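I opened a fresh page to keep track of what I looked up in this structure. My plan is to follow one turn and one helix outward to the rest of the chain.

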Amino acid sequence: MSRMSVELGTEESRLAALCALAQQTRELMDAVALTDVGEDDLTAAHAALTAVNERLRSVLRQTPQPFEIAPDGTLRHLGNAVTGGANPHALPLLIEVRDGGVRAEVVFRPLHEGPPGAVHGGISAMILDHLLGQAVAAAGSAGMTGTLTVRYRRPVPYGTPLVATAEYTRTEGRKTWAEGRISLPDGESLVEATGLFITPSAWIGA
Ligand SMILES: CCCCCCCCCCCCCC(=O)SCCNC(=O)CCNC(=O)[C@H](O)C(C)(C)COP(=O)(O)OP(=O)(O)OC[C@H]1O[C@@H](n2cnc3c(N)ncnc32)[C@H](O)[C@@H]1OP(=O)(O)O
């Protein structure tokens, strides 16, 4: 979301400012994960962040930014933990929907470390859960994850451009299956997942 492309003083410009703050916060989290400054600098940074924290907490929402239709007509979820531009936890992942599946380029960061020098398996699983869910939604059967099975074939590096893809496989009633993977650019698969997504009865009034 570009701050340059929206009129100032509108809700869209406020959201653009929020996304810019989220991006700055991601960079802050990266800095905290890697900083090697001395104790004086750490103490000063702590004091500065305490003041920022108090300022932001002076007016709080009950929940993150919701699913909504953006001005360009697309569905967006700025509060989502994987794709949300306004969520500092999100990479954020930009997902491209194409025939029979979805695709995203991913660069994990040192912040995502699990085993030394590699990405935490839960982070890879989260990305794949989301991509599989998005493939299922793109196929017209949106649902909640019922089961997710992950096979870790190789350690996932951070700081390296990777590709995550997922495809819808089949549907039986309210159950839909999908599969996906995180791969090196040359196609070597690092992590693979299959998932069952269930459209809750409440969503379809069944
Ligand atoms: C809003 C628009 C959305 C757009 C999405 C954009 C993409 C976003 C992508 C985001 C992606 C991120 C996604 C996330 O992070 S989703 C977050 C993680 N998942 C959850 O929190 C799900 C929590 N569970 C539930 O809500 C319910 O239990 C569900 C909805 C799953 C089923 O409750 P419901 O009351 O509806 O179903 P039922 O009990 O009548 O059972 C029906 C059938 O299903 C079978 N079954 C049930 N559970 C399981 C299970 N766990 N494994 C295997 N099978 C299971 C059951 O045996 C039965 O089979 P059968 O006897 O008929 O053969």
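**Entry 1, just past a helix.** I began at G140, which follows directly after α3 and takes a positive phi of about 95°. I note here that I am working with a predicted model, not an experimental one.

**Entry 2, the helix itself.** I then went back along α3, which has 18 residues and reaches 25 Å from its first C-alpha to its last, close to the 26 Å expected at 1.5 Å a residue. Which residues of α3 are buried? I wrote down S124, I127, L128, H130, L131, L132, G133, Q134, A135, V136 and A138. When I looked up what covers these buried residues, I found that the cover includes β3 (96-98), β4 (101-106), β5, β6 (162-172), β7 (175-183) and β8.

**Entry 3, the strands.** Since β3 and β4 were on that list, I checked how they pair, and found that they run antiparallel and are joined by 3 bridges. R98 has G101 in β4 as its bridge partner, and 2 residues lie between the strands of this hairpin, where G100 takes a positive phi near 75°. I also followed β4 to β6, with which it pairs in the antiparallel sense over 6 bridges; V106 stands opposite L162 in β6.

**Entry 4, the ligand.** Which element gives the largest share of the shell around the ligand? It is α3, with 5 residues. I counted 17 residues around the ligand, of which G133, A137, M144, G146 and P200 come nearest. The elements that give two or more residues to this shell are α3 (121-138), β5 (144-152) and β8 (189-198). By kind, the residues of the shell divide into 7 nonpolar, 7 polar and 3 charged.

**Entry 5, the record.** In UniProt, I found an unreviewed entry that lists residues 117-187 as "domain: Thioesterase". In the model, the end C-alpha atoms of residues 117-187 lie 21 Å apart, and the span is 25% helix and 41% strand.

**Entry 6, the whole chain.** Last, I stepped back to the protein chain, which has 4 helices and 8 strands, and I copied their order from the N terminus as α-α-β-β-β-β-α-β-β-β-β-α. The C-alpha atoms fill a box of roughly 60 × 45 × 30 Å, taken along the principal axes. Of the 206 residues of the chain, 27% count as buried. Among contacts between residues at least 6 apart in sequence, 55% join residues at least 24 apart.

Conventions: Residues are numbered from 1 along each chain as its sequence is written. This is a predicted model: local features need pLDDT of at least 70, side-chain atom pairs count only at pLDDT 80 or more; totals for chains, interfaces and linings use all residues. A residue is near a molecule or strand if its C-beta atom, placed from the backbone, lies within 6 Å of it. Ala, Val, Leu, Ile, Met, Phe, Trp, Tyr, Cys and Pro count as nonpolar, Asp, Glu, Lys and Arg as charged, and the others, Gly among them, as polar. UniProt positions are given in the numbering used here, feature names are shortened, and annotations may be inferred rather than shown by experiment. The expected span of a helix is 1.5 Å times one less than its number of residues. A residue is buried if 20 or more other C-beta atoms lie within 10 Å of its own, exposed if 12 or fewer, and partly exposed in between; C-beta atoms are placed from the backbone. Two residues are in contact if their C-beta atoms, placed from the backbone, lie within 7 Å. Two strands pair if DSSP finds at least two bridges between them.
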